[in-house]
Amino acid sequence: MRVAALRFWGLVVWLVALVGGVRAQGDALYTQYQFNKLAINPAYAGSRDAFSLAAVYRDQWRGIDGAPKTAILALHAPVGNRIGLGLHVVDDRLGVVEETGAWGSFAFRIPAGSGELALGLNGGAALFRTRLAGAFIGDGNDPVLSADQQLWLPNVGFGLYYHNDRYYVGLAAPRLLDNELRETSTAGSGAQSGRQVRHFNAMTGFVFDLGENAKLRPAALLRYQENSPVQTEFNLSALLVERLWIGAGYRSGGSLDSYLEFNVTQTLRLGYSYDWVVNELGGQTGGSHEFLLGIDLPGKRDAASSPRQFLPTYF
C-alpha cells in the first residue's frame, strides 16, 4: 500500500509540475533565506563585507516520490568600497523536471544615512530538462509529452537593498523574462504550454536587544509570481550569546518552519531547518529538511570601518 501511495503522490506532483504548475513555473523555495539572500535579491552581493559562500541542500516533502530536491551554491564579495559581485548556482529537481542554472550578480553600493543602499543587477541562464523514461503518460498524443525536452532559458533581474546595523529592507525582480517551456518544434502544435513567469519579492527585518546576551529578529518576505497568489513568510528568531540563531516561521500555503544556525567560528556557520506541512499533503510526507554550510572570509578592512566582518552578522 505504501508503494502504491508513493507512486500516486509522485504522479500528482509530476502532473502539477508539468501540466499545471509549470505553466507558472517558480523559483525553488527554501527556508533559510535570511542567511543567504543573494538567491532572491542581486543587490545583496557584497553586503556582508566578506567573501561569503553558502551551500544549501533542501529535501522537500520527504517520503513523496518525485518531490522537490534543490541544491544551491551562492558566493559573493565586495570589490573595493562600492562594488559587490556574486554568483548563484541552482540545481532543482521535481519529478521528471530538472533545472540547472547559474546567474551572476552586480551591486553598486552607496552610503545612505546610517547604512548602505545597494542597486543590483543579475543575469544568467538555466538548462531546463524533462526526462520521461519510465513515467506514465496519460495522453500519448500530446506533443509536449511525446519526447524529452531540453532547452536553455536566459533571464535577467534587478534589486534594491538597504541595510544598517539594525534593520534591512529589499525589493527585487530576480526573473523578468517570460520563457516558454517547450522546444520550438512543438510551439506551433496548439498544445498548452508551460511558461517560466516573472518574479517579484519584498523583504524586511529588524533586530532588537533582549539583554546583554540575546537579540530578537522579526522578519517578513513577500513573493509574487504572475498568475499565482502572493506568498507570505513571517519569521521570528533569537540570537543567543552571539553564536546561535533559533527561529520559527509560517509560510502561507501551509508550512510551519523551524530553523537554527550556529556560528562555529568567525568564518564557519552551520544551519538546519525543518518544515511541517499543514495542508492536504501533511499526511503523506515527513516534512522538509534543509541544510546550510556558510563560510565568511573577512577582507582587510579594520574593525572600526567595517564591524560587520566580526560576529555577529545580523543580516
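**Close-up views of a predicted chain**

**Figure 1. F206, with a relative accessibility of 36%, counts as partly exposed.** Here, buried means under 20% relative accessible area, exposed over 50%, and partly exposed anything in between, using a 1.4 Å probe and protein chains only. The neighbour to look for is F208, which is also partly exposed, at 43% relative accessibility. This is a predicted model, so to speak of a local feature a pLDDT of at least 70 is needed, side-chain atom pairs count only at pLDDT 80 or more, and totals for chains, interfaces and linings use all residues. Residues are numbered from 1 along each chain as its sequence is written, and side-chain values use heavy atoms, with hydrogens and water left out.

**Figure 2. Two aromatic pairs show two geometries.** The structure holds 12 aromatic pairs. One of them joins Y162 and Y167, which are tilted with 5.9 Å between centres and 40 degrees between planes. Y162 is buried at 13% relative accessibility, while Y167 is partly exposed at 31%. F206 and F208 make a stacked pair, with centres 6.4 Å apart and planes at 20 degrees. Rings of Phe, Tyr and Trp (its six-membered ring) pair if their centres lie within 6.5 Å; planes under 30 degrees apart count as stacked, over 60 as edge-to-face, and the rest as tilted.

**Figure 3. Ring pairs join five aromatic residues, and two charged ends sit over rings.** The cluster is made of Y44, Y161, Y168, Y314 and F315. Y168 has another partner: the charged end of K37 lies over its ring, 4.5 Å from the centre. Elsewhere, R217 places its charged end over the ring of W245, 3.9 Å from the centre. A charge is taken to sit over a ring if NZ of Lys or CZ of Arg is within 6 Å of the ring centre and within 35 degrees of the ring normal.

**Figure 4. D59 forms salt bridges with R62 and K69.** A salt bridge is a side-chain nitrogen of Lys or Arg within 4 Å of a carboxyl oxygen of Asp or Glu. For D59 and R62, the closest N and O atoms are 2.5 Å apart. D59 is buried, with a relative accessible area of 6%, whereas R62 is partly exposed at 47%. K69 is partly exposed too, at 36% relative accessibility. With K69, the N to O distance is 3.5 Å. This pair links distant parts of the chain: K69 belongs to strand β2 (residues 69-79) and D59 to strand β1 (residues 50-59), 10 residues apart. Helices (H or I, at least four residues) and strands (E, at least two) are DSSP runs, numbered from the N terminus.

**Figure 5. R223 and E233 meet in a salt bridge with an N to O distance of 3.4 Å.** They too link distant parts of the chain, 10 residues apart, with R223 in strand β12 (residues 214-225) and E233 in strand β13 (residues 231-240). Both R223 and E233 are buried. Zoom out a little and a network of salt bridges links R58, R223, E233, R251, D257, D275 and E290. Across the whole structure, a search finds 19 salt bridges.

**Figure 6. Q231 is found in strand β13.** At 18% relative accessibility, Q231 counts as buried. Leaving aside residues up to four places away in sequence, Q231 touches L29, L221, L222, R223, R251 and S252. Contact here means heavy atoms within 4.5 Å.

**Figure 7. Ten residues form a nonpolar patch on the surface: V79, L85, F106, F108, I110, L119, L121, F158, L160 and L171.** Together they have about 850 Å² of accessible area. The elements giving two or more residues to this patch are β4 (97-112), β5 (115-130) and β6 (150-163). β4 supplies the largest share, 3 residues. F108 lies in strand β4 and is partly exposed, at 38% relative accessibility. Patches are made of residues with over 30% relative accessible area and no salt bridge; like charges are joined within 9 Å, and nonpolar side chains (Val, Leu, Ile, Met, Phe, Trp, Tyr) within 5 Å. Accessible areas come from the Shrake-Rupley method with a 1.4 Å probe, and for residues only the protein chains shown count as cover.
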